[in-house]
Amino acid sequence: MAGGDLDELRDALLRWYAGARRDLPWRRTTDPYAILVSEVMLQQTQVTRVVPRYLEWLRRWPDPAALAAATRAEVLAAWVGLGYNRRALALHDAARVVARDGWPADLRALPGVGPYTAAAVGSFAFGAQVAAVDTNARRVAERLGRGTPAELLPAGHAAEFNQAAMELGATICTARRARCGDCPVRRWCASAGRPAARPARRTRGERFEETNRWVRGRVVAALAAGEALPADIAPERLDRALAGLERDGVVRRVGAGYSLG
């Protein structure tokens, strides 16, 4: 793509984002801790579920020091319903590192922080000129056929462009049904009007209530509420879930029973 065309694409995407972006609470701050909390919560969890939990979390633990002072049991109890409890433990561990040592130059040094999360927090909080490549931004770049997200990044506007690319992928250039007629960059898109759709996931015929993840969730919710382990779950399923949760550091044995963290 010629330099002028690429500049026009970038400008069109940024103008669209300025007028169409969703008003999400983590977009109103440059606090690295608040942004890290949002990024960890948003992993495999819908935005609508995250918003109230994010606000509640920050009211309770507004900075790394506050979260670092919390117990693992308190953190896990506050995470109930968000799933994948190891994310909560990693966030807790990251807060302890930051409270003790400050923010590292390479954010990937923090527990549970991979390349995407490091790039997101780096660009949104610290002004790093890096591409934050989530599945939405990657899809947009692939369908545009104009380079990788990093190659599309405009100098000096990483944070805004990252948000715009992710927003476009989340709301317009979606995986299964792209709304090409509403796309602000369709003029420059190599697949406009005919984007490849992601194949539908194969269903294995297993209901969520039949999964180990469901049992784990029931166990954590019960312990967080100070209740007994669910009596309506078969003992072998309960034992399997407890073994995994204990291995992950989510629960621990206390006498003849269990407690969180």
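Here a visitor asks about a predicted model of a protein chain and a guide answers.

Visitor: Hello! How many helices and strands are there in the protein chain?

Guide: Welcome! Reading from the N terminus, the elements run α-α-α-α-α-α-α-α-α-α-α-α-β-β. The C-alpha atoms fill a box of roughly 70 × 50 × 25 Å, taken along the principal axes. Counted by type, the chain has 12 helices and 2 strands.

Visitor: Let's look at helix packing. At what angle do H2 and H3 pack?

Guide: Two packed helices are described by the angle between their axes and the distance between the axes. Helix H2 covers residues 32-42, and its axis lies 10 Å from that of H3. The crossing of these two helices is right-handed. Their packing angle is about 145 degrees.

Visitor: Which residues of H3 make the contact with H2?

Guide: From H2 come Tyr33, Ala34, Val37, Ser38, Met41 and Leu42. By class, this contact has 10 nonpolar, 1 polar and 1 charged residues. On the H3 side, the residues are Val47, Val50, Arg53, Tyr54, Trp57 and Leu58.

Visitor: Arg53 caught my eye there. What is Arg53 in contact with, leaving aside its neighbours within four places in sequence?

Guide: Arg53 is found in helix H3, which spans residues 47-60. Its C-alpha atom is separated by 10.0 Å from that of Val80, although the two residues are 27 residues apart along the chain. With those sequence neighbours set aside, the contacts of Arg53 are Met41, Ala78, Trp79, Val80, Gly81 and Leu82.

Visitor: H2 also packs with H7. How far apart are their axes?

Guide: H2 passes H7 in a right-handed crossing, and the angle between them is about 145 degrees. Pro32, Ile35, Leu36 and Glu39 of H2 make the contact with H7 residues that include Tyr116, Ala120 and Phe124. The classes in this contact are 9 nonpolar, 1 polar and 1 charged. As for the axes of H2 and H7, they are 9 Å apart.

Visitor: Now for H7 and H10. Is their crossing left-handed or right-handed?

Guide: Helix H7 takes in residues 115-126, and its axis comes within 8 Å of the H10 axis, crossing at roughly 130 degrees. Because of that angle, H7 counts as oblique to H10. The handedness of the H7 and H10 crossing is left-handed.

Visitor: Which residues of H10 does H7 meet?

Guide: H7 brings Tyr116, Ser123 and Phe124 to this meeting. By class, the contact has 5 nonpolar, 3 polar and no charged residues. The partners in H10 are Ala158, Ala159, Asn162, Gln163 and Met166.

Visitor: Let's turn to empty space. Which residues lie closest to the centre of the largest cavity?

Guide: Rolling a probe the size of a water molecule over the atoms shows where empty space is left. The structure holds 2 cavities of 30 Å³ or more, and the largest has a volume of about 100 Å³. Its lining has 12 nonpolar, 1 polar and 2 charged residues. Of the 15 residues that line the largest cavity, those closest to its centre are Cys173, Ala178, Cys180, Cys183 and Cys189.

Visitor: And the second largest cavity: which element gives the largest share of its lining?

Guide: This second largest cavity holds about 90 Å³ of space. It is lined by 13 residues, with Ala137, Pro149, Leu152, Phe161 and Ala165 nearest its centre. Helix H8 (135-144), helix H9 (149-152) and helix H10 (158-171) are the elements that give two or more residues to this lining. The largest share, 4 residues, comes from H8.

Visitor: How do the residues of that lining divide into nonpolar, polar and charged?

Guide: H10, which met H7 in the contact we looked at, is one of the elements giving two or more residues here. Sorted by class, the lining of the second largest cavity divides into 12 nonpolar, 1 polar and no charged.

Visitor: One last stop. Which helix gives the most to the lining of the second largest pocket?

Guide: The second largest pocket has a volume of about 370 Å³. It is lined by 16 residues, and closest to its centre are Gly83, Tyr84, Asn85, Arg213 and Gly217. The lining divides into 8 nonpolar, 4 polar and 4 charged residues. With 6 residues, the helix that gives the most, spanning 212-224, is H11.

Methods: Residues are numbered from 1 along each chain as its sequence is written. This is a predicted model: local features need pLDDT of at least 70, side-chain atom pairs count only at pLDDT 80 or more; totals for chains, interfaces and linings use all residues. Side-chain values use heavy atoms; hydrogens and water are left out. On a 1 Å grid over the protein atoms alone, a cavity is a set of points where a 1.4 Å probe fits but cannot get out, and a pocket is an open set with protein on both sides within 12 Å along at least five of seven lines; lining residues have an atom within 4 Å of a point. Grid points are joined across faces, edges and corners, and a volume is the space filled by probe spheres set on the points. Ala, Val, Leu, Ile, Met, Phe, Trp, Tyr, Cys and Pro count as nonpolar, Asp, Glu, Lys and Arg as charged, and the others, Gly among them, as polar. Axes are lines fitted to C-alpha atoms, for helices over the stretch in contact, and angles run from 0 to 180 degrees between N-to-C directions. Angles under 35 degrees count as roughly parallel, over 145 as roughly antiparallel, 65 to 115 as roughly perpendicular and the rest as oblique. A crossing is left-handed if the near helix is turned anticlockwise from the far one by less than a right angle, and right-handed if clockwise. Contact means heavy atoms within 4.5 Å.
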